[in-house]
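Q: I'm new to this one and would like a close look at just one part of it. Let's pick the charged pairs, and then see what surrounds them.

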Amino acid sequence: MAQINVKTNCGNSPKMEFLKQFNIAFAQGNVEFLNDCVTDEIVWNIIGDKKIQGIEKFTEELRKMQSVKTSELILEQILSHGKEGAANGKILTDSGKKYAFSDFYVFQGAKGARIKKIISYAIEIQ
């Protein structure tokens with residue numbers, strides 16, 4: 001099980017708590033939870049790598065990523081405002097690789113908690 005280190009205080013913001021749980025589920029490879037959090041028309045743009053469209057392709061990509069085991073997730077910051085949110089931090093893998101990431105989220109609506117678009121930036125760091 002991955003060690004989770006959250007350096008940000010989500011306070012009373014339900015969307016910030018939602019994004020915290022979403023990122024934890026990603027680090028743990030919890031595909032079912034992640035699928036429940038996005039719309040069927042999800043668009044995931046992994047900058048410099050690929051653009052994934054639709055729940056089937058999203059699920060397929062998540063299943064591929066399950067082979068990379070996370071040893072630690074460090075969430076530095078989570079932001080939320082209206083229909084948008086963001087999170088950034090670091091992921092350390094069991095194989096010793098380290099990645100810094102920033103994810104930007106667009107929600108279905110200002111009140112809705114389902115994500116319809118994700119833009120991800122990730123780089124390997126030392």
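How many salt bridges does the structure hold?

A: The structure holds eight salt bridges, a salt bridge being a Lys or Arg side-chain nitrogen within 4 Å of a carboxyl oxygen of Asp or Glu. Before we go on, this is a predicted model, where local features need pLDDT of at least 70 and side-chain atom pairs count only at pLDDT 80 or more, while totals for chains, interfaces and linings use all residues. Residues are numbered from 1 along each chain as its sequence is written, and side-chain values use heavy atoms, leaving out hydrogens and water.

Let's begin with Glu32, which pairs up with Arg63. The closest N and O atoms of Glu32 and Arg63 are 3.5 Å apart. Glu32 lies in helix 2 and Arg63 in helix 3, so this salt bridge ties together parts that are 31 residues apart in sequence. (Helices, H or I with at least four residues, and strands, E with at least two, are DSSP runs numbered from the N terminus.) If you want to find the two helices, helix 2 runs over 31–36 and helix 3 over 55–65. Glu32 is partly exposed, with a relative accessible area of 47%, and Arg63 is partly exposed too, at 42%. Those words have cut-offs: buried is under 20% relative accessible area, exposed is over 50%, and partly exposed is in between, with a 1.4 Å probe and protein chains only.

Now for a pair that sits on strands. Lys90 and Glu76 meet through their side chains in a salt bridge, 3.6 Å from N to O. Lys90 belongs to strand 5 and Glu76 to strand 4, so here the parts being tied together are 14 residues apart in sequence. Look for strand 4 at 70–81 and strand 5 at 84–93. With 32% relative accessibility, Lys90 is partly exposed, and so is Glu76, with 29%.

Some of the charged residues go beyond pairs. Asp49, Lys50, Glu60, Glu61 and Lys64 are joined into one network by salt bridges that share partners. One link to look at is the salt bridge between Lys50 and Asp49, where the closest N and O atoms are 4.0 Å apart. Asp49 is exposed, with a relative accessible area of 54%, whereas Lys50 comes out as partly exposed at 31%. Just along the chain you'll meet Lys51 in strand 3, which covers residues 50–53. Lys51 is exposed as well, with a relative accessible area of 53%.

So much for the charges; what about the inside? The largest nonpolar core has 28 residues, a core being a set of buried Ala, Val, Leu, Ile, Met, Phe, Trp, Tyr and Cys residues joined through side-chain atoms within 4.5 Å. Phe22, Phe58, Ile115 and Ile118 have the most contacts inside this core. The two helices from our first pair and the two strands from the second come back here: helix 2, helix 3, strand 4 and strand 5 are among the elements that each supply at least two residues of the core. Helix 1 gives the most, with seven residues. In soluble globular proteins, nonpolar side chains tend to be buried together.

Let's stay with strand 5 for a moment, as it also holds Ile91 and Gly85. Ile91 is buried, with a relative accessible area of 15%, and Gly85 is buried at 9%. Ile91 and Phe101 are ten residues apart along the chain, and their C-alpha atoms are separated by 7.8 Å. Gly85 and Ile118 are 33 residues apart along the chain, with 9.6 Å between their C-alpha atoms. Another one to trace is Gln28 in helix 1, which is 63 residues from Ile91 in sequence but 11 Å away in space, C-alpha to C-alpha. Gln28 is partly exposed, at 39% relative accessibility.

One last stop is Thr39 in strand 2, which is buried with a relative accessible area of 6%. Thr39 and Gly29 are ten residues apart along the chain, and 18 Å separates their C-alpha atoms.
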